[in-house]
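Biologist: Could you show me the model and let me pester you about the words people use for it?

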Amino acid sequence: MSGAPFLGVLGGMGPLASAQFMLRLTLLTPAERDQDHLPALLWSDPRIPDRTAARLAGGEDPLPWLLRGIAGLEAAGCGAIAIPCNTAHGWYEAMQAATPLPILHIVDAAAEDLARQGVASGRVGLLATAGTLAMRLYQPRLEARGYSVITPDEAEMRELVSPGIALVKANRVAEAYAPLAEAATRLKARGAAAVVLGCTEIPLGIQAGPSAEIGLPLVDTIDALALASLRWAGK
């Protein structure tokens, strides 16, 4: 047997976002038949401890669980790893050091998607978990590409963003639209030329309502990572 190596997908953070990644990976592939698609293996382990709680509240360290998933994907013969969870990238360096496989970085994928949508520089908004914001996962990588990043304030995180993410995790996706769209609209009012949906639950909530009404480019990090995975595979 020959052909493209498997893409390993380290998921379960959360399960719905991982399932959506697999769906979008399939739908974004230029394919005419089953055999045109990218072989992929999903390791979905929702037992992985909460990443934001680990970083901000002394919760259980997720790294051993992440490394267990990486080892499983490596043993299965995968050629690269995608992680459809933004906050998990706070442990990116430790994960990459543990495997010879390339781990596709979701922030770089988001930056490439900004450029694809015609936003080559300037001010962009970022909606993300409190953990992602505290670790500043986006700012250095985007600033190196000519972007400046604006984020919600503490009240907006408390009243809009964090509750919206929690609603998606609770499978109450339709209810998540209003708070998440309001948070994006406030970033637009502060001058954002685009908004990066820097938590893979957020696109699910935004897409549950009339997202076009927000009125500016939105970077879906699920789609961005799927497109980066297809580029890795030469598709």
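What follows is a chat about those words and the values behind them.

Modeller: First, this is a predicted model, where local features need pLDDT of at least 70, side-chain atom pairs count only at pLDDT 80 or more, and totals for chains, interfaces and linings use all residues. Residues are numbered from 1 along each chain as its sequence is written, and side-chain values use heavy atoms, with hydrogens and water left out.

Biologist: Okay! How many helices and strands are there in the protein chain?

Modeller: The protein chain has eleven helices and eight strands. Those are DSSP runs numbered from the N terminus: helices are H or I with at least four residues, strands are E with at least two.

Biologist: What makes the chain as compact as a globular protein of that length?

Modeller: Its radius of gyration is 17 Å, and the globule rule gives 18 Å for 235 residues; the two are close, so the chain is as compact as a globular protein of that length. The radius is taken over C-alpha atoms, and the rule is 2.2 Å times the number of residues to the power 0.38. The C-alpha atoms fill a box of roughly 55 × 45 × 35 Å along the principal axes.

Biologist: And where do the domain bounds come from?

Modeller: From an automatic or database domain assignment. Here domain 1 is 6-105 + 223-233, and domain 2 is 107-221. The contact between them takes 23 residues from domain 1 and 29 from domain 2, where contact means heavy atoms within 4.5 Å. Their C-alpha centres lie 20 Å apart.

Biologist: Now the sheet. How do you know that β1 and β2 pair?

Modeller: Count the bridges. Two strands pair if DSSP finds at least two bridges between them. Five bridges join β1 (residues 6-11) to β2 (residues 40-44), so by that definition they pair. The two strands run parallel. Leucine 10, for one, stands opposite tryptophan 43 in β2.

Biologist: What about β1 and β3?

Modeller: Four bridges join β1 to β3 (residues 78-82), and that pair is parallel too. Valine 9 has a partner on each side: leucine 42 in β2 and alanine 82 in β3.

Biologist: Why do β2 and β4 stand at the edges?

Modeller: The open sheet has four strands in the order β2-β1-β3-β4, with parallel pairing. β2 and β4 (103-104) each have a single partner strand, so one side of each is left without a neighbour in the sheet.

Biologist: Why is the β-α-β unit called right-handed?

Modeller: The unit is made of β1, helix α1 (residues 15-27) and β2. Right-handed means that, with the strands pointing away from the viewer, the path from the first strand over the helix to the second runs clockwise.

Biologist: What makes β1 "mostly covered"?

Modeller: Five of its six residues are buried. Buried means under 20% relative accessible area, exposed means over 50%, and partly exposed is in between (1.4 Å probe, protein chains only). Across the chain, buried residues make up 50% of the 235.

Biologist: Let me try those cut-offs. Is asparagine 171 buried or exposed?

Modeller: Its relative accessibility is 61%, which is over 50%, so asparagine 171 counts as exposed. Asparagine 171 sits in the loop between α8 (154-169) and α9 (173-189). Its phi is near 65 degrees, a positive value in a residue other than glycine.

Biologist: And why is arginine 136 called partly exposed?

Modeller: It has a relative accessible area of 42%, which falls between 20% and 50%, so "partly exposed" fits. Arginine 136 is in the loop between α6 (130-135) and α7 (139-143), and has a positive phi of about 50 degrees although it is not a glycine.

Biologist: How do you know which residues arginine 123 is in contact with?

Modeller: Use the contact cut-off again and leave aside neighbours within four places in sequence: the list includes Ser148, Ile150 and Ala193. Arginine 123 and alanine 193 are 70 residues apart in sequence, yet 5.9 Å apart in space, C-alpha to C-alpha. Arginine 123 lies in strand β5 (residues 122-127), and at 40% relative accessibility it counts as partly exposed.

Biologist: One more: which residues does the cis peptide bond join?

Modeller: Methionine 13 and glycine 14, with omega about -5 degrees. Glycine 14 is in the loop between β1 and α1.
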